[in-house]
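The following paragraphs lead the reader through a protein model, moving from one helix to its surroundings and then to a pocket. Please keep the sequence and the structure in view while reading.

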Amino acid sequence: MEKQKLPNEQAIMILGIVSFIGCCCTNGVLGLVLSGIGLYLTNQSEKLIQANPEQYNPGSLSTWKIVNIVSFAISTVFVIYLIYLLATGKYQESNEQMRELIEQFQNR
């Protein structure tokens, strides 16, 4: 009997890639949400494999699990830093510094 692909394998892959990009572009919020969903789906797939090991092929599930874990960790750091900036009132100051840097690069 040929082994089947896992039902959520492509969704886990896409969530891992998008969350990795989203962790840097959205202050970590999007990456945290998407990688959390990806990890949840990974755990569901691992339970499915454990219940029926001869029926499903794990494929690259462990690779995408690692991508989701790394994305979750990076996103968590970004979110903690964002909370720190908001709590200390330095968020506006940080935005002003970023705006000045962008203007300096545009004037070159």
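Helix α1 covers residues 9-25, which makes 17 residues, and from its first C-alpha to its last it reaches 25 Å. That span is close to the 24 Å expected at 1.5 Å a residue. The model in which this helix appears is a predicted one.

The buried residues of α1 are Glu-9, Ile-12, Leu-15, Gly-16, Ser-19, Gly-22 and Cys-23. The cover over these buried residues includes the strand β1 (4-5) together with the helices α2 and α3. Just after α1, Asn-27 adopts a positive phi of about 60 degrees.

Helix α2, one of the elements covering α1, spans residues 29-51 and contains Thr-42. Is Thr-42 buried or exposed? Its relative accessible area is 1%, and because buried means under 20%, Thr-42 counts as buried. Apart from residues up to four places away in sequence, Thr-42 touches Ile-12, Leu-61, Lys-65 and Asn-68. Of these partners, Ile-12 is among the buried residues of α1. The C-alpha atoms of Thr-42 and Met-13 are 9.8 Å apart, although 29 residues separate the two along the chain. Within the chain, the side chain of Thr-42 also reaches the backbone oxygen of Gly-38, at 2.7 Å.

Ser-45 is a further residue of helix α2. With a relative accessibility of 2%, Ser-45 is buried, because this value falls under the 20% limit. Which residues does Ser-45 contact, leaving aside its neighbours within four places in sequence? They are Leu-6, Asn-8, Ile-12 and Leu-61. Ile-12 and Leu-61 also appear among the residues that Thr-42 touches.

The text now turns to open space in the model. Rolling a probe the size of a water molecule over the atoms shows where empty space is left. The largest pocket holds about 200 Å³ of space. Its lining consists of Asn-27, Phe-78, Tyr-81, Leu-82, Leu-85, Tyr-91, Ser-94, Asn-95 and Met-98. The elements that give two or more residues to this lining are α3 (61-88) and α4 (91-106). Asn-27, the residue with the positive phi just after α1, belongs to the lining as well. What is the make-up of the lining in terms of nonpolar, polar and charged residues? The lining of the largest pocket has 6 nonpolar and 3 polar residues, and no charged ones.

Definitions and conventions. Residues are numbered from 1 along each chain as its sequence is written. This is a predicted model: local features need pLDDT of at least 70, side-chain atom pairs count only at pLDDT 80 or more; totals for chains, interfaces and linings use all residues. Side-chain values use heavy atoms; hydrogens and water are left out. Helices (H or I, at least four residues) and strands (E, at least two) are DSSP runs, numbered from the N terminus. Buried means under 20% relative accessible area, exposed over 50%, partly exposed in between (1.4 Å probe, protein chains only). Contact means heavy atoms within 4.5 Å. A polar contact is a pair of N or O atoms within 3.5 Å; within protein, one must be able to donate a hydrogen and the other to accept it, and residues adjacent in sequence count only if both atoms are side-chain atoms. On a 1 Å grid over the protein atoms alone, a cavity is a set of points where a 1.4 Å probe fits but cannot get out, and a pocket is an open set with protein on both sides within 12 Å along at least five of seven lines; lining residues have an atom within 4 Å of a point. Grid points are joined across faces, edges and corners, and a volume is the space filled by probe spheres set on the points. Ala, Val, Leu, Ile, Met, Phe, Trp, Tyr, Cys and Pro count as nonpolar, Asp, Glu, Lys and Arg as charged, and the others, Gly among them, as polar. The expected span of a helix is 1.5 Å times one less than its number of residues.
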